[in-house]
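The exercises below are meant to be worked with the coordinates open, and each task is followed by a solution in steps.

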Amino acid sequence: MNVQLNYEEILSYVENKYHVKPMINTVDESTLSIAYKMNAFVPTMTVDVHVDEVSQESVVLSYNCSTIVAGLLKGIILLIEEKIPKHKINISTDDKKIYIHLDAIKQLEKILEFVVPTRINFDGNSMNVCLIPKTM
């Protein structure tokens, strides 16, 4: 089974919820480029996010960006650190990794009883999550 999330839907959600409008471009099947321009005086910040590993328990992402953007991200993460639920998401700015603990996300509990995510890939318009039935 494949679950497809259209980039336009994702961007619309982010804009409505957080009042920012990033841009998304597919680099390759496992990598997305996310860009954001705060205002006319600040250059566009770009971060490439790569899917390293997908399992029933977690998704591991790595990110690549300029040294300046990495410094900004580190500062932002330090500011919002107490709001990030560590049992759900760990962000390591030292090795530029994001660990998403699927098994700790209550909203996914029921789904993960029946299916296992095996792959996340990207195409020109959407993010695709491949799920297989869980063997009992």
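**Exercise 1.** Is N121 buried or exposed, and what is its relative accessible area?

*Solution.* The model is a predicted one, so every value here is computed from predicted coordinates. Begin by placing the residue: N121 belongs to strand β8, which covers residues 115–122. Its relative accessible area is 12%, and since buried means under 20%, N121 is classed as buried. Finally, list the contacts, leaving out residues up to four places away in sequence: N121 touches E29, S126, M127 and N128.

**Exercise 2.** Determine whether the end-to-end distance of helix α2 agrees with the span expected at 1.5 Å a residue, and then work out how its buried and exposed residues are arranged.

*Solution.* Helix α2 runs over residues 67–80, and its 14 residues should span 20 Å, because the expected span is 1.5 Å times one less than the number of residues. The C-alpha atoms at its ends are 20 Å apart, in agreement with that expectation. Next, pick out the buried residues of α2, which are V69, A70 and I77. They cover an arc of only 100 degrees around the axis, and therefore lie on the same side of α2. The cover over these buried residues includes β4 (45–54), β5 (58–65) and β6 (89–92). On the face turned away from the buried side, α2 carries the exposed residues T67, I68, L78 and L79.

As a last step, consider the nonpolar surface patch formed by I68, L72, I76, L79 and I80, whose accessible area together is about 500 Å². One of its members, I80, lies in helix α2 and is partly exposed, at a relative accessible area of 38%.

**Exercise 3.** How many salt bridges does a search of the whole structure find, and which parts does the pair K97 and D52 tie together?

*Solution.* The search finds five salt bridges. In one of them, the side chains of K97 and D52 meet at 2.8 Å, N to O. K97 is in strand β7 (residues 97–101) and D52 in strand β4, so this pair ties together parts 45 residues apart in sequence. Both partners are partly exposed, K97 at 23% and D52 at 34%.

For a pair within a single helix, take E113 and K110, whose side chains meet in a salt bridge at 3.8 Å, N to O. Both residues lie in helix α3 (residues 109–114), three residues apart, or about one turn of the helix. An α-helix has 3.6 residues a turn, so residues three or four places apart point the same way. As for accessibility, E113 is partly exposed at 36%, whereas K110 is exposed at 58%.

Notes: Residues numbered from 1 in each chain as written. Predicted model: local features only at pLDDT ≥ 70, side-chain atom pairs only at ≥ 80, totals over all residues. Heavy atoms only, no water. Helix = DSSP H or I, 4+ residues; strand = E, 2+ residues; numbered from the N terminus. Buried < 20%, exposed > 50% of the residue type's maximum accessible area, 1.4 Å probe, protein only. Arc of directions from axis to C-beta. Contact = heavy atoms within 4.5 Å. Patch = residues over 30% accessible without salt bridge, like charges linked within 9 Å, V, L, I, M, F, W, Y side chains within 5 Å. Areas by Shrake-Rupley, 256 points an atom, 1.4 Å probe, with all protein chains shown as cover. Salt bridge = Lys/Arg side-chain N within 4 Å of Asp/Glu carboxyl O.
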